[in-house]
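Okay, let's get going. I'll put the structure up, and we can walk through it together from the fold down to a few single residues.

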Amino acid sequence: MQKLEVFGANKLKGHIKISGSKNASLPILAATLLTNKKTIIKNLPQVRDIETMLSLLRSLGSKININKKKTIINNSKQQKKFASYNLVKTMRAGILVLGPLLAKFGYA
């Protein structure tokens with residue numbers, strides 16, 4: 001782990017880029033199912049679980065556009081209530097879509 005030690009009475013200033021968190025991003029992606037409006041998420045990490053969750057959302061009818069800096073998810077026409085087992089079995093976070101689907105449709 002890197003560390004930064006500062007000695008003296010000098011002020012610190014500058015910018016650092018914080019990488020996105022997979023563990024925070026997965027529930028946020030699942031929560032997008034609750035709205036029919038466009039959702040913009042920035043700084044998603046590029047890891048397999050995120051790609052699998054995006055595939056799961058697509059299989060449920062979400063329209064997803066990915067740029068370098070942001071991901072746009074549109075659920076205005078999302079009607080599917082069934083998550084494919086082939087996608088859900090590949091990651092533990094697949095269960096996260098169950099709550100939003102139940103809240104939106106009453107069953108899943």
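So, reading from the N terminus, the order of elements is α-β-α-β-β-α-α. That gives us four helices and three strands. Keep in mind that what you're looking at is a predicted model.

Overall dimensions next. The C-alpha atoms fill a box of roughly 60 × 30 × 25 Å along the principal axes. The radius of gyration is 18 Å, while a compact globule of 108 residues would come out near 13 Å. As for burial, 30% of the 108 residues count as buried. The accessible surface is about 8,200 Å², and carbon and sulfur atoms own 55% of that. And if you take contacts between residues at least 6 apart in sequence, 63% of them join residues at least 24 apart.

Okay, the strands. How many bridges join strand 1 to strand 3? Five, and the two strands run antiparallel. Two pairs to click on there: Ile40 stands opposite Ile72, and Thr39 has Ile73 as its bridge partner.

On the other pairing, strand 2, residues 63-66, is joined to strand 3, residues 70-74, by four bridges, again antiparallel. The connection between strand 2 and strand 3 is a hairpin through three residues. In that pairing Ile66 has Thr71 as its partner, and Ile64 stands opposite Ile73. So Ile73 turns up in both pairings, across from Thr39 and across from Ile64.

Now stay with strand 1 for a second and look at its two faces. Thr39 and Ile41 make up the covered face, and Lys38, Ile40 and Lys42 make up the uncovered one. Why do they split like that, every other residue? Because in a regular strand the side chains alternate between the two faces of the sheet.

Let me go one step back along the chain, to Thr32. That residue is in the loop between helix 1, 22-31, and strand 1, 38-42. Buried or exposed? Buried, because its relative accessibility is 4% and the cut-off is under 20%. Leaving out residues up to four places away in sequence, Thr32 touches Thr39, Ile41, Leu57, Ile73 and Asn75. Notice that Thr39 and Ile41, the covered face of strand 1, are both on that list.

After strand 1 we get the loop that leads into helix 2, residues 48-59, and Asn43 is in there. Its phi is near 65°, which is positive, and this isn't a glycine. For context, most residues other than glycine have a negative phi. Asn43 is partly exposed, with a relative accessible area of 34%.

Leu44 sits in that loop between strand 1 and helix 2 as well. Leu44 counts as buried because its relative accessibility is 16%. What does Leu44 contact, if we skip neighbours within four places in sequence? Ser25, Leu29, Ile50 and Thr71. Ser25 is 19 residues away from Leu44 along the chain, and their C-alpha atoms are 6.6 Å apart. And Thr71, also on that contact list, is the residue we met as the bridge partner of Ile66.

Moving into helix 2, have a look at Ser55. Ser55 is partly exposed, at a relative accessible area of 29%. Its C-alpha atom is 10.0 Å from that of Val88, and the two residues are 33 apart along the chain.

Last bit, the rings. How many aromatic pairs does the structure hold? Zero. There is a charge over a ring, though: the charged end of Lys81 sits over the ring of Phe105, 4.7 Å from its centre.

If you want to poke at the model afterwards, I'd go back to strand 3, which pairs with strand 1 through five bridges and with strand 2 through four. Then have a look at Thr32, with Ile73 among its contacts. That's me done, thanks.

Terms used:
Residues numbered from 1 in each chain as written. Predicted model: local features only at pLDDT ≥ 70, side-chain atom pairs only at ≥ 80, totals over all residues. Heavy atoms only, no water. Buried < 20%, exposed > 50% of the residue type's maximum accessible area, 1.4 Å probe, protein only. Contact = heavy atoms within 4.5 Å. Rg over C-alpha atoms; globule rule 2.2 N^0.38 Å. Areas by Shrake-Rupley, 256 points an atom, 1.4 Å probe, with all protein chains shown as cover. Pairing = 2+ DSSP bridges. Phe/Tyr/Trp six-rings, centres within 6.5 Å; stacked < 30°, edge-to-face > 60°. Lys NZ or Arg CZ within 6 Å of the ring centre and 35° of its normal.
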